[in-house]
Amino acid sequence: MAFSIKIDSVLFTTKLTPLPNSSFSYNNFASLSLLSRKFPIRRLSIKASSVPSTSTASSQAIKIISIPTKPIEGQKTGTSGLRKKVKVFMEENYLPNWIQALFNSLPPEDYKDGLLVLGGDGRYFNREAAQIIIKIAAGNGVGKILVGKEGILSTPAVSAVIRKRKANGGFIMSASHNPGGPEYDWGIKFNYSSGQPAPETITDKIYGNTLSISEIKTVDIPDIDLSCLGVTTYGNFSVEVVDPVSDYLELMENVFDFKLIKSLLSWPDFRFTFDAMHAVTGAYAKPIFVDKLGASPDSISNGTPLEDFGHGHPDPNLTYAKDLVSIMYGADGPDFGAASDGLC
């Protein structure tokens, strides 16, 4: 007999079975509306580079560019950030205005010469948005950005990196379990140095500043190659592309008994399946479940993050995770199954 539960956007289905004994590339933001409309849906490869690269593009101070702008309606921000359709974020200055308004809302000591983290769930427009955010951060005096390879960092991973690296905060590019793709949703939120979402006192200030914004501070530097681990430096500003898994995995090993979990997942009589729903957890599934905990490679399904989540809806309920439910309730189904939200 099988049963299903959903806890904080993670669907688990299991059978009652005895367990084994074991104890931006442009100078004018007006061109933003043209970005990525013709881009195909891309697979995101998260294989770590064996030797991170380091490059110094210029030792001279980067020049800050001031771009005139004006307020845009509809940028009310909540604790879950700002969510709209991709096409809205691609409108002229829409995303740049919000990012600049955020910097205008923070005390300078919270970001000047500081360290910020950047990552997201791999959805459509994340790569282009990452370049915009990096350049505006540099324009506002941030010292360094840590960005996940291919722009990938799950929401809890961003929090883990912020705390481990003692960062001032971090940007999360995600619209949670909402669908992804050119016609669907995109979102952005900011987490503080504690790793938790920015409080209402800050989100209210962001909204207030979107109503009075008059300029965007950015820099004219080449786009950062997000496909390779390593550091790129421009004057006193640097960007480090990091492995999206390592810091999070280290935290999980401190929180959970991996030895005990491995004794279960590698037990020959225990069958496990995990549906990553072509979302961000696909980047973490093999390194954690297979490489670290000894699960079979074929226990992972839909494990490649896709910008449109494989035309799916990464909300692990009985409707959108019906394939997993069918497997679990099918003849000779696995003992335990799970699927996770698009951003987790």
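Biologist: What follows helix 8, and what is the sign of its phi?

Modeller: This is a predicted model. In it, Gly294 follows helix 8, and its phi is positive, near 80°.

Biologist: Which residues of helix 8 are buried?

Modeller: Start with the general idea. An α-helix has 3.6 residues a turn, so residues three or four places apart point the same way. Now the case here. Helix 8 spans residues 282-292. Its buried residues are Gly282, Ala283, Tyr284, Ala285, Ile288 and Val290.

Biologist: What covers the buried residues of helix 8?

Modeller: Both helices and strands take part. The cover includes helix 4 (155-164), helix 6 (246-255) and helix 7. It also includes strand 7 (144-152), strand 13 (272-275) and strand 14 (300-301).

Biologist: Where does Ile261 sit, in helix 7 or elsewhere?

Modeller: Ile261 is in helix 7, residues 258-265. With Val255 and Phe256, Ile261 makes a nonpolar surface patch of about 260 Å².

Biologist: Why is Ile261 called partly exposed?

Modeller: Partly exposed lies between the cut-offs of 20% and 50% relative accessible area. Ile261 has 31%, so it is partly exposed.

Biologist: Back to phi. Which residue other than glycine has a phi near 90°?

Modeller: Phe125 does, and the value is positive. Phe125 lies in the loop between strand 6 (115-120) and helix 3 (126-139). Its relative accessibility is 0%, so Phe125 counts as buried.

Biologist: And Asp332: buried or exposed?

Modeller: Asp332 counts as exposed because its relative accessibility is 62%. Its phi is positive too, about 60°, although Asp332 is not a glycine. Look for Asp332 in the loop between helix 9 (322-329) and strand 15 (336-340).

Terms used:
Residues numbered from 1 in each chain as written. Predicted model: local features only at pLDDT ≥ 70, side-chain atom pairs only at ≥ 80, totals over all residues. Heavy atoms only, no water. Helix = DSSP H or I, 4+ residues; strand = E, 2+ residues; numbered from the N terminus. Buried < 20%, exposed > 50% of the residue type's maximum accessible area, 1.4 Å probe, protein only. Patch = residues over 30% accessible without salt bridge, like charges linked within 9 Å, V, L, I, M, F, W, Y side chains within 5 Å. Areas by Shrake-Rupley, 256 points an atom, 1.4 Å probe, with all protein chains shown as cover. Salt bridge = Lys/Arg side-chain N within 4 Å of Asp/Glu carboxyl O. Contact = heavy atoms within 4.5 Å.
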